[in-house]
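Open the model in your viewer and keep the selection panel at hand. We will go stop by stop.

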Amino acid sequence: MSAVHEVTLRAATPDDASVVAELHADSWRRHYRGAYADAYLDGDVAAERWRVWSERLTAAAGASTTIVAERAGDLVGFAHVIFDHQPEWGALLDNLHVRWDVKRAGLGTVLMAQVARAVLDRPAPTGLYLWVLEQNAAAQAFYDSRGGRRRERALTEPPGGDPNRLNGDPAKLRYWWPDPSPLLLDNR
Ligand SMILES: CC(C)(COP(=O)(O)OP(=O)(O)OC[C@H]1O[C@@H](n2cnc3c(N)ncnc32)[C@H](O)[C@@H]1OP(=O)(O)O)[C@@H](O)C(=O)NCCC(=O)NCCS
C-alpha cells in the first residue's frame, strides 16, 4: 500500500457481509493456524464467517459498530467493536484485521484510532479491551506499540462454540486501554 491517506473509512452495511467474511476467513487462515484446527480453516471457515457477518451487519445499530477501510473500492481492513461489553474493561474490540498485503503500512493504527473515536463519542465513554491469541506475537507487538496494557491469560473459546474448531486448548491474552484517548490520531 503506498499510503494510508488513500484509504477511506466508513461504517459497514449489510451489503459488506460477503467481503468482510472473505477477508476475515483469509486472515484467520494465514494467522490462526496452529490454534484453530486445519479442518476448520480449510473447510467451514468462510461459510461460518459469512453467517456471522450477515447476522452482525443486519443487527440493530447501537450496541456495536463495524468500520471498514477501503482503497479504490476494495476492502483492505475492518474493525468491529461492541460497546459497554464488560463493566470493568469497557468496550470489546472483537475483530481487527488488515488485508495481508497491506499490513505494516499504518492501517491498523488508523482503524484503532477510529475505534477509539467511536468509544469516546458514546454518551458514557469507557475503556477498550481485546483478546489476542497467545501465539499471535505480531499482533501483540502491534498492541504493545499502541500502548495496550497486557492483562490476564485465559483459554480461547472456539468459533461458534464448536471445540472441534480448535487445536487443543490455545490460550489468549487480554489487552486493555483504560482510556482510549491515546489511540486517537490528529487527523481522524
Ligand atoms: C495486527 C494488525 C491489525 C496490525 O495492523 P497493521 O496495519 O499491520 O499495523 P501498523 O502498520 O499500524 O503498525 C503500527 C506499529 O505496530 C507495530 N507492529 C505492527 N506489526 C508488527 C509486527 N508484525 N511485528 C512487530 N511490530 C509490529 C510496529 O511498531 C508498527 O510501527 P512501524 O511499522 O512504524 O514499526 C495487522 O497486522 C493484521 O491484521 N494482522 C493479521 C490479523 C491479526 O492478527 N489481527 C489481530 C487479531 S487480535
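How many residues does α4 have, and how far does α4 reach from its first C-alpha to its last? Select 107-120 to see α4. This is a predicted model. The helix has 14 residues and spans 20 Å, close to the 20 Å expected at 1.5 Å a residue.

**Stop 1: around α4**

Stay on α4. Is α4 mostly covered or mostly open? It is mostly covered, with 11 of its 14 residues buried. Color the buried residues: Leu107, Gly108, Val110, Leu111, Met112, Ala113, Gln114, Val115, Ala116, Ala118 and Val119.

Now bring up what covers them. The cover includes the strands β1 (8-11), β2 (64-71), β3 (74-86), β4 and β5, and also the helix α5.

**Stop 2: the ligand**

Select the ligand and show its surroundings. There are 20 residues around the ligand. Label the closest ones: Gly108, Thr109, Ala138, Ala141 and Ser145. Gly108 also belongs to the buried set of α4.

Which elements each supply at least two residues of this shell? Highlight α1 (17-31), β4 (90-98), α4 (107-120), β5 (128-133) and α5 (137-145). The largest share, 5 residues, comes from α5.

Next, color the shell by residue class. You should find 10 nonpolar, 8 polar and 2 charged residues.

**Stop 3: β1, β2 and β3**

Move to the strands that help cover α4. Start with β1 and β2, which pair in the antiparallel sense over 4 bridges. Pick Thr8 and look across: Glu70 of β2 stands opposite.

Keep Glu70 selected and turn to β3. Which residue of β3 is the bridge partner of Glu70? It is Leu75. The pairing of β2 with β3 is antiparallel too, over 8 bridges.

Follow the chain from β2 into β3. The two strands form a hairpin with 2 residues between them. Click Ala72 there, and check its backbone: phi is positive, near 50°.

**Stop 4: β6 and β7**

Finish at residues 149-155, strand β6. Why does β6 lie largely in the open? Of its 7 residues, the number buried is 0, so the strand lies largely in the open. A residue would need 20 or more other C-beta atoms within 10 Å of its own to count as buried.

Add residues 171-177, strand β7. The strands β6 and β7 run antiparallel and are joined by 5 bridges. For a last click, choose Ala154: Lys172 in β7 stands opposite.

Note on methods: Residues numbered from 1 in each chain as written. Predicted model: local features only at pLDDT ≥ 70, side-chain atom pairs only at ≥ 80, totals over all residues. Near = placed C-beta within 6 Å. Nonpolar A, V, L, I, M, F, W, Y, C, P; charged D, E, K, R; others polar. Expected span 1.5 Å × (residues − 1). Buried ≥ 20, exposed ≤ 12 C-beta atoms within 10 Å, placed from the backbone. Contact = placed C-beta atoms within 7 Å. Pairing = 2+ DSSP bridges.
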